[in-house]
Each structure stands twice: as C-alpha cells, then as structure tokens.
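Trainee: Could you take me through one part of this model in some detail? I'd like to look at a spot inside the protein and at what surrounds it.

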Amino acid sequence: MDDLTPKNHGEEVAIFRHSLIGELATRAGLLGHGERSEALRRLSEQRVRPPGSDTTRCYSVSTLERCLLPALLPRVPDHARWIGTGSASQPGCPSRPA
C-alpha cells in the first residue's frame, strides 16, 4: 500500500485532527458521557504542534468537541441530502409532475 501524504494544507489539517481525536472517535460509541468528557479533558491538556506552526499549543475541550462531532456523524453525499424533498429548486432535481 502506498504511503499517504497530504496534497495541501487542508489535508494536513485533516490528518492532524484525526491524529488528535481518531482514537476517541472510534471508541465514542462505547464511552458514556462522563468517560467521553474525561477523555476530552485529558486530551485538552496535551501540547501539540499544528501543521505549519513553530510552536506547540493546547486545544480547549470545546474545540476538540467541534472536531469530534463531524467524525461521529454519518457521511451523506451532497446529492442525497435533497433526494425525496420534491423541490425543483434543488440543482439537478426535476420538477414533480402535476
């Protein structure tokens, strides 16, 4: 398998976020609210170096929660978000017959 390398800064940031919350995201369904909160608190105390930065920093629990939430939500393709709405205003959606 080829080694994955980021193609741009956005991918670097995505890999960095995954390195921070990846393990927690995979265990999130197994953790109770208190356990998840404690794991986020411990993670917020770790100093990390973000991509392109010369210094290390800590991220707050709320910042880590904002990174974690998208990892827990199911991915829905853009075209699937409006399927079944019957709205002709959506791009590519034919109008409903009268």
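Trainee: Which residues line the largest cavity?

Mentor: Quick ground rules: this is a predicted model, where local features need pLDDT of at least 70 and side-chain atom pairs count only at pLDDT 80 or more, while totals for chains, interfaces and linings use all residues. Residues are numbered from 1 along each chain as its sequence is written, and side-chain values use heavy atoms, with hydrogens and water left out.

Now your cavity. Its lining is made of Leu 20, Leu 43, Gln 46, Val 48, Arg 57, Cys 58, Tyr 59 and Leu 64. A cavity here is a set of points on a 1 Å grid over the protein atoms alone where a 1.4 Å probe fits but cannot get out, and lining residues have an atom within 4 Å of a point. The count is one cavity of 30 Å³ or more, and the volume of the largest is about 40 Å³. (Grid points are joined across faces, edges and corners, and the volume is the space filled by probe spheres set on the points.) By class, that lining is six nonpolar, one polar and one charged; Ala, Val, Leu, Ile, Met, Phe, Trp, Tyr, Cys and Pro count as nonpolar, Asp, Glu, Lys and Arg as charged, and the others, Gly among them, as polar.

Three of those leucines lead us to the helices. Helices are DSSP runs (H or I, at least four residues), numbered from the N terminus. Start with Leu 43 and Leu 64, a cavity-lining pair that turns up where H2 meets H3: Arg 36, Leu 40, Arg 41, Leu 43 and Ser 44 on the H2 side, Val 61, Leu 64, Glu 65 and Leu 68 on the H3 side. Contact means heavy atoms within 4.5 Å. Sorted by class, this contact has five nonpolar, one polar and three charged residues. H2 (residues 33–44) and H3 (residues 61–72) pack at about 115°, axes 9 Å apart, with axes fitted to C-alpha atoms over the stretch in contact and angles running from 0 to 180 degrees between N-to-C directions. Their crossing is right-handed, i.e. the near helix is turned clockwise from the far one by less than a right angle.

Leu 20 belongs to the other meeting, H1 with H3. There, Arg 17, Leu 20, Ile 21, Leu 24 and Ala 25 touch Leu 64, Cys 67, Leu 68, Ala 71 and Leu 72. That contact has nine nonpolar, no polar and one charged residues. The angle is about 65°, the axes lie 10 Å apart, and this crossing is right-handed too.

Leu 20, Leu 43 and Gln 46 line the second largest pocket as well, with Ser 19, Gly 22, Glu 23, Leu 24, Arg 27, Ala 39 and Arg 42. A pocket is an open set of points with protein on both sides within 12 Å along at least five of seven lines. This one has about 180 Å³, and H1 gives the most to its lining, six residues. The classes come out as four nonpolar, three polar and three charged.

Look at Glu 23 and Arg 27 there: their side chains form a salt bridge at 3.9 Å, N to O, the term meaning a Lys or Arg side-chain nitrogen within 4 Å of an Asp or Glu carboxyl oxygen. The two sit four residues apart in H1 (residues 9–27), so about one helical turn separates them.
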